[in-house]
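Me: Got a structure for you to look at. Can you walk me through the basics?

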Amino acid sequence: MGEAGLSPEEKFHLITRNLQEVLQEEKLKEVLKERDVKVYWGTATTGKPHVAYFVPMSKIADFLKAGCEVTILFADLHAYLDNMKAPWELLAQRVVYYETAIKAMLQSIGVPLDKLKFVRGTDYQLSREYTLDVYKLTSLVTEHDAKKAGAEVVKQVDHPLLSGLLYPGLQALDEEYLKVDAQFGGVDQRKIFTFAEKYLPSLGYTKRIHLMNPMVPGLTGSKMSSSEEDSKIDLLDAASAVKKKLKKAFCEPGNVTDNGVLSFVKFVLLPLSENGEFTVERKPENGGSVTFKDYESLEKAFAEQSIHPGDLKPAVERELNRLMEPVRQVFQTPDMKALISRAYPPPPKKKAGQVANAASEEISPVRLDLRVGRIISVEKHPDADSLYVEKVDLGEEQPRTVVSGLAGLVPMETLQDFVGVFLCNLKPQKMRGIESQAMLMCASIDDPRCVEPLMPPEGSAVGDRVFVENYNTGNPDERLNPKKKIWEKLQPDMKTSEECVAQWSGNPIMTKLGLVKSKTMKNAPIK
C-alpha cells in the first residue's frame, strides 16, 4: 500500500476521493507540496462498532496510500460527555474492544498498522495544559455556538447537561494536541469543524484542514445506529445473520438514491478491492456473471435494471463476509469473549413478576399509534387566533377533532382535504375549551418560524398505519401514559433528513407504500 513515487496531485486525489467536502482545500495542496499530511480520525467509544465503520476505514486506507501520518483517537472522554451514551466504569473496557475491533478491521482490508498511531483521549485530555485551554475556550464560546456546533453529534434534549456543551470545544482542541494538519470525519461533524476553524485561532492555534465523508445510508436502513440492534450489521454477526439482515435491506429495483447496498459498494467494496473490480455473479440464464471496474457503470446497470437486487445483494454479502471473517476470528478466543461481556454486559434480568411488562416499558416508537388521516374540515378556533380546529377522518366510525397551532403558519386552504400523519394515542387535551383528540405531525423550526405538515406517500388510505422502519412489530399503547412521558422521550430523535424524509434516530418513518416526507424542510425537528 506504499506511496512511493506518487506526485502531490496523485496524493491529493487519493486523500479527497469519495469525500463530500474539503474545508481548506488550498492549504491541503500547499502542505502536500512540502511534505506528507498528518491527519486524525476520532471515534467515541460508545455502542459496538458495526460494518458501517468500514466506510471510514476505507478512507484511512486511502490516506495511508497517499503517505499520510494517521492517528486514530479513541475518544473515551468524549463518549462520557455525550449525554446518556456510556457509563464511565464501562469506558475502559469499551476502549479495548474498539481498539481490538478497529485493528482487526484494518488488518482485514490490508492496512499496515505500523503506519498508524492509536491514542486514547484520556492520555492527554486530562493534562494541565489541555485543561487550561478548555477553560480559555469557555471564556470565548457562547452557549448558542456550543449548542449549534454539537447539534448533529451530541444528543439533543430540552435541558442539556453542561458536558454536551463542552464536547465541541474538546474536539477542536484535539486538532492542536494531536499535532495534525487535518481532521477527518462524516459530514455530520461539519458544524464542529467550522467551530474549530472559528475558535482555535482565538487561542493562537492554526486552522486545520477538514475532510468530510458523505453520510452513507446503512445497509439495512437510512442510517446504521450502533444503539439499535435491528438497524445494523454487527462486526461479529454470523454469516447467517448477515444474509438475513441483507435480505431485509431496502434495495428497490432501479432506485440509486437511497440505496445503502449500492453505497456500500461505492464507498467500501470498490475502494478496497485489490484489482479495483466488483463482480456480480449470475446464472447463465440471467446473463451470466458481470464485472464492474468502476462504480458509475454499476450504478448505471442498476438504474437500468439490468442488475437486479436479487443479484446485487448476494455479491455484497459475499464480499462483506470476506471482510468480516478475519474480525470474527480475532474475537473467538476466551479472552476476547470475556472482554465483550465486560464491555457490553447484558441488561439485568427481570424478576418473574416483571417479565410480562418488559416490552411495554421499553421506550420505542412501536408504542406510538401513528396513522394516515384526511382533514375533512378546518376552521379558526373561536377563542384563539393561533389555533385551527380540524375534523379528521382516521378510518374510524366518527371523525376526530384535532386542534393545531398552525394559524398564521399554514393557510387554511392548504389543510382542507390534506392527507397527513396523526399521532392518535396521546391523552385528549383541552385547548382553549376544545378537546383535541390527536396531533397532526409537522416538521417545525423556530428561527425563522416555519412549519410543514408531514406527507404520507401518494395513494395512502385513511387509517393506514405509519411506522418507523425496523420498529414495525408489536402494537402501540392504547393510550400513552402522560406520567411516563413516552412521546416526550421519543420526540427529540424525530427529524427530517437532508432529503426531507421523516426519521426517528435515523430510521425512516413510512407506510406500507413508502416514505413519509416533508415538502421542503431538511434536518428539521418533527413535533
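Me: What does the protein chain average in pLDDT?
Reply: This is a predicted model. The protein chain averages a pLDDT of 86. Of the residues, 91% score at least 70.

Me: What about residues 223-228?
Reply: The pLDDT is below 50 there. Even so, the stretch has 22 contacts in the model beyond near neighbours in sequence.

Me: And how many such contacts for residues 352-360?
Reply: Three, beyond near neighbours in sequence. The pLDDT over residues 352-360 is also below 50. Where pLDDT is low, don't read the predicted coordinates in detail.

Me: OK, fold next. How many helices and strands?
Reply: The protein chain has 17 helices and 22 strands.

Me: How does the radius of gyration compare with the globule rule?
Reply: The radius of gyration is 25 Å, and the rule gives 24 Å for 527 residues. Those are close, so the protein chain is as compact as a globular protein of that length.

Me: What box does the C-alpha trace span?
Reply: About 75 × 70 × 55 Å along the principal axes.

Me: How much of the protein chain counts as buried?
Reply: 51% of the 527 residues.

Me: And what share of the contacts comes from residues 24 or more positions apart?
Reply: 72%, counting contacts with a separation of 6 or more.

Me: Switching to the surface. How much is exposed, and what supplies it?
Reply: The protein chain exposes about 25300 Å². Carbon and sulfur atoms supply 51% of that.

Me: Last one, charges. How many of each sign?
Reply: There are 70 positive and 74 negative side chains. The centres of the two sets lie 4 Å apart.

Note on methods
Residues numbered from 1 in each chain as written. Predicted model: local features only at pLDDT ≥ 70, side-chain atom pairs only at ≥ 80, totals over all residues. Heavy atoms only, no water. Helix = DSSP H or I, 4+ residues; strand = E, 2+ residues; numbered from the N terminus. Rg over C-alpha atoms; globule rule 2.2 N^0.38 Å. Buried < 20%, exposed > 50% of the residue type's maximum accessible area, 1.4 Å probe, protein only. Contact = heavy atoms within 4.5 Å. Areas by Shrake-Rupley, 256 points an atom, 1.4 Å probe, with all protein chains shown as cover. Lys, Arg positive; Asp, Glu negative; His and termini not counted. Charge placed at Lys NZ, Arg CZ, Asp CG, Glu CD. pLDDT = per-residue confidence, 0-100.
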